[in-house]
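Subject: Structure handover

Hello,

Here is the structure you asked to have passed on. Please keep it open while you read the notes underneath.

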Amino acid sequence: MPRLPVVLLIGLWLASCATAADVTTLKPQLLDYQSEEIRALAFNSDGTLLAVSPQDNDFWLCDPKSAKFLSAVKAMQKPANLLFAGPRPDLLYSVEGFLLRLVNLKTGETVASYGTSVGISGPGVLFPRGDILATPAAPGGVELLKADLGRSLTTLTAPDTPSPAGDWKTTVAAISPDGKIVAGARPTGKIYLWTLAGTEASGVQTCDAHSGHVEALAFAKEGLVSLGRDGQAKLWNPADGQPRGTWSLGGPLARGWLLADGQAAAVVREAAPGEVQLYYLPSGDKPASGDKPPELFATTSVAEVFDGFALAGSPSVTNLALSPDRKVLALSLQAGQDGGLRNARVPLFDLSATLARTLPPATSPNSTATGPASTKPPAATAAPRTWTSADGKFQVEATLVSFRAGIVTLRRVDNGKLITLKLDQLSPADQQVARAK
């Protein structure tokens with residue numbers, strides 16, 4: 001059998017590495033906190049704190065880097081069913097029944113509160129300038145509040161009358177980066193686009209977007225992105241409410257979230273209730289249906305989250321939050337046991353080698369997609385060396401860029417390109433070098 005040139009062998013090895021590492025299995029780092037139930041979780045606006053709310057009248061503050069408990073905020077009036085980032089890193093919005101509070105994370109004191117006529121069903125979103133908050137409201141609209149909860153500015157109402165059969169409450173809201181368009185969605189699959197003149201609506205468009213519940217809305221540079229439980233992600237022209245693209249995520253969803261200004265999606269399926277799949281959504285100036293389908297780039301590993309706890313069934317994902325810098329994904333997982341016992345855990349997943357590295361900076365100061373993510377590849381942090389494959393057949397001269405979540409990133413010396421591969425694809429000596437990093 002003729003010998004292949006070394007350069008060709010290296011090329012074939014690198015190609016196989018890229019293919020094998022296309023979909024990353026994210027390994028969890030467990031928060032040193034657990035409860036029978038976790039109702040809500042959220043990062044603060046600069047991502048330095050993760051707030052976790054159990055079924056009790058308090059919530060815990062944790063360090064997302066070390067996954068360690070820091071302190072408990074005991075000033076809750078009721079268990080929080082929603083948490084989301086406030087206008088400053090030391091502030092957090094807490095929804096407790098019919099009460100929306102702005103809480104000081106340092107003291108636990110209530111900075112301001114606002115009573116609602118109905119319970120807020122989805123987290124609020126701040127205007128990019130940070131002084132106005134939009135929250136889903138009933139019947140079927142979006143309410144604009146001063147970010148300090150000092151007063152209500154207006155309630156944007158839908159042009160049609162919602163039926164009492166469960167579609168009367170807006171599930172999610174979004175605001176365009178220029179603050180001129182507000183979007184809201186109902187469980188029926190309809191999306192409403194309000195054009196603003198100041199804080200008042202000057203017009204509204206209705207889109208029959210999805211066949212059922214709309215899980216998430218987000219404004220991307222190409223337009224408004226929607227995600228439905230029908231397993232479709234759609235792009236809309238917010239100016240006229242016309243569709244610009246439709247992409248299938250492969251089937252119906254149990255839950256779904258849009259991340260990184262609508263550039264990625266996190267989904268949960270009925271067939272795998274404890275697992276989250278992460279997709280890049282297509283982008284471009286003129287996207288069209290069928291062009292460049294969503295790319296699955298990572299899945300979560302939950303097998304060890306409930307190690308030692310006898311499960312009566314599969315765990316379910318009850319909440320999800322992405323840090324502002326797009327480097328940490330936090331989940332709350334709920335599991336049951338024969339006899340009625342329950343256990344909820346919070347695993348943290350490192351996305352710094354995937355989502356945070358590959359997408360451009362965020363535009364909103366308050367959403368789960370905010371933060372100073374860099375579009376440049378990370379710099380190499382070690383001297384060049386020869387890296388060898390696990391079977392010893394292939395070698396490449398490269399510098400180590402990073403090792404996170406079982407994935408090694410190298411920069412080739414000859415052309416400067418990045419190589420991403422799993423740790424076990426390297427020789428034992430090289431694995432030790434990566435782990436030392």
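The notes below go from the whole chain to single strands and residues.

Overall

Please bear in mind that this is a predicted model. The protein has three helices and 33 strands. Of its 437 residues, 53% count as buried. Among contacts with a separation of 6 or more, 48% are between residues 24 or more positions apart.

The largest nonpolar core

This core has 27 residues, and the ones that touch the most other members are Leu259, Val276, Leu278, Leu320, Leu329 and Leu355. At least two residues of the core come from each of these strands: S23 (255-259), S24 (264-269), S25 (272-280), S26 (295-300), S27 (316-322) and S28 (328-336). Strand S28 contributes the most, with four residues.

Leu355 can serve as a starting point for looking at this region. Leaving out residues up to four places away in sequence, Leu355 touches Ala260, Ala264, Tyr280, Phe297, Leu322 and Arg326.

Asn319

Asn319 sits in strand S27. Is Asn319 buried or exposed? With a relative accessibility of 15%, Asn319 is buried, because the cut-off for that class is under 20%. A polar atom of the Asn319 side chain lies 3.0 Å from the backbone oxygen of Arg39. Arg39 is also on the contact list of Asn319, together with Ile38, Ala40, Leu41, Trp257, Ala330, Leu331 and Ser332; neighbours within four places in sequence are not counted there.

The sheet S19 to S22

Strands S19, S20, S21 and S22 form an open sheet in that order, with antiparallel pairing. Its edge strands are S19 (214-220) and S22 (242-248), each of which pairs on one side only. From one strand to the next, the twist averages 20 degrees. In general, the strands of a sheet pair through backbone hydrogen bonds, in either a parallel or an antiparallel way.

The pairing of S19 with S20 (residues 223-228) is antiparallel and runs over six bridges. To find the register, take Leu217, whose bridge partner in S20 is Ser226.

Glu215 is also in S19. Its relative accessible area is 12%, which makes Glu215 buried. Which backbone atom lies 2.8 Å from a polar atom of the Glu215 side chain? The atom is the backbone nitrogen of Gly256. Gly256 also appears among the residues that Glu215 touches, the others being Val172, Leu227, Gly228, Arg229, Ala254 and Arg255, again not counting residues up to four places away in sequence.

Two hairpins

Strand S5 (residues 59-63) pairs with strand S6 (residues 68-73) in the antiparallel sense over five bridges. Within this pair, Asp63 stands opposite Lys68 in S6. The two strands form a hairpin with four residues between them, and in the turn Ala67 has a positive phi of about 60 degrees.

The other hairpin is made of S13 and S14, with five residues between them. How many bridges join S13 and S14? Strand S13 (residues 141-146) and strand S14 (residues 152-156) pair over four bridges, in the antiparallel sense. Leu144 has Thr154 in S14 as its bridge partner. In the turn, Leu149 has a positive phi of about 65 degrees.

A loop glycine

Gly198 lies in the loop between strand S17 (190-197) and strand S18 (200-208). Gly198 is exposed, with a relative accessible area of 59%. The C-alpha atoms of Gly198 and Gly179 are 8.9 Å apart in space, and the two residues are 19 apart in sequence.

Helix H3

Helix H3 covers residues 428-436, and its buried residues are Asp430, Gln431 and Ala434. Why do these residues line one face of the helix? Seen down the axis of H3, they fall within an arc of 105 degrees, so they line one face. Pro428, Gln432, Arg435 and Ala436 are exposed, on the other side of H3.

Regards

Technical notes
Residues are numbered from 1 along each chain as its sequence is written. This is a predicted model: local features need pLDDT of at least 70, side-chain atom pairs count only at pLDDT 80 or more; totals for chains, interfaces and linings use all residues. Side-chain values use heavy atoms; hydrogens and water are left out. Buried means under 20% relative accessible area, exposed over 50%, partly exposed in between (1.4 Å probe, protein chains only). The arc is that of the directions from the helix axis to the C-beta atoms. A nonpolar core is a set of buried Ala, Val, Leu, Ile, Met, Phe, Trp, Tyr and Cys residues joined through side-chain atoms within 4.5 Å. Contact means heavy atoms within 4.5 Å. Two strands pair if DSSP finds at least two bridges between them. Axes are lines fitted to C-alpha atoms, for helices over the stretch in contact, and angles run from 0 to 180 degrees between N-to-C directions. A polar contact is a pair of N or O atoms within 3.5 Å; within protein, one must be able to donate a hydrogen and the other to accept it, and residues adjacent in sequence count only if both atoms are side-chain atoms.
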